[in-house]
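Biologist: I would like to go through this structure term by term. Please give the reason behind each label.

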Amino acid sequence: MDVFPDFEGLSGIGDLREVIGALLTFALIIAVLMLIVCAIIWAIATSNGNHAAATKARIGAWTALGAAVLAGGGVAWMNWLIDLGQQL
């Protein structure tokens, strides 16, 4: 009995790569824009002595930075997993 995997079973992997790549790129752009906005608000609030707004902007900046790192790393991780799957 010869049993071999069907390598043509996932015919839509190219479309999946494009869709997920586009979504992660969109998330990365939004995260970077939010990082810029939060950093500007953080600087203005700190210079004006509004510590409550500065704290919220700082938390937003760190959150946006984390989201940007995860979205950027997500693209690389997804491509690595798809390439690894094609080698099996």
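Modeller: The protein chain has two helices and zero strands. The model is a predicted one.

Biologist: What makes the residues of helix α1 a helix here?

Modeller: Helix α1 covers residues 13-48. A run assigned by DSSP needs at least four residues to count as a helix, so residues 13-48 qualify.

Biologist: How do you know that the span of helix α2 is close to the expected one?

Modeller: Helix α2, residues 51-87, has 37 residues. The expected span is 1.5 Å times one less than the number of residues, which means 54 Å here. From its first C-alpha to its last, helix α2 reaches 54 Å.

Biologist: Why is W42 called partly exposed?

Modeller: W42, in helix α1, has a relative accessible area of 28%. Buried means under 20% and exposed means over 50%, so W42 is partly exposed.

Biologist: And why is K56 called exposed?

Modeller: K56 lies in helix α2. Its relative accessibility is 66%, and the cut-off for exposed is over 50%, so K56 counts as exposed.

Biologist: Which residues in α2 are buried?

Modeller: They are A54, A57, A61, A64, A68, A71, G74, M78 and I82. Each is called buried because its relative accessible area is under 20%. In an α-helix, residues three or four places apart point the same way, because there are 3.6 residues a turn. Of the 88 residues of the protein chain, 15% count as buried.

Biologist: What does W42 contact, leaving aside its neighbours within four places in sequence?

Modeller: W42 is in contact with A54, A57, R58, A61 and W62. These pairs are called contacts because heavy atoms lie within 4.5 Å. From C-alpha to C-alpha, W42 and R58 are 5.9 Å apart in space, and 16 residues apart in sequence. K56 and W42 are 8.0 Å apart by C-alpha, with their places 14 residues apart in sequence.

Biologist: How far apart are V32 and A68 in sequence and in space?

Modeller: They are 36 residues apart in sequence and 6.2 Å apart in space, C-alpha to C-alpha. Among contacts between residues at least 6 apart in sequence, 68% join residues at least 24 apart.

Biologist: What makes I29 and V32 fit for the nonpolar surface patch?

Modeller: Patch residues need over 30% relative accessible area. I29 is at 47% and V32 is at 36%, so both pass that cut-off. The patch measures about 830 Å² and also includes F26, I30, L33, M34, I36, I40 and I44.

Biologist: How much of the accessible surface belongs to carbon and sulfur atoms?

Modeller: The figure is 73%, out of about 6,700 Å² for the protein chain.

Technical notes
Residues numbered from 1 in each chain as written. Predicted model: local features only at pLDDT ≥ 70, side-chain atom pairs only at ≥ 80, totals over all residues. Heavy atoms only, no water. Patch = residues over 30% accessible without salt bridge, like charges linked within 9 Å, V, L, I, M, F, W, Y side chains within 5 Å. Areas by Shrake-Rupley, 256 points an atom, 1.4 Å probe, with all protein chains shown as cover. Salt bridge = Lys/Arg side-chain N within 4 Å of Asp/Glu carboxyl O. Buried < 20%, exposed > 50% of the residue type's maximum accessible area, 1.4 Å probe, protein only.
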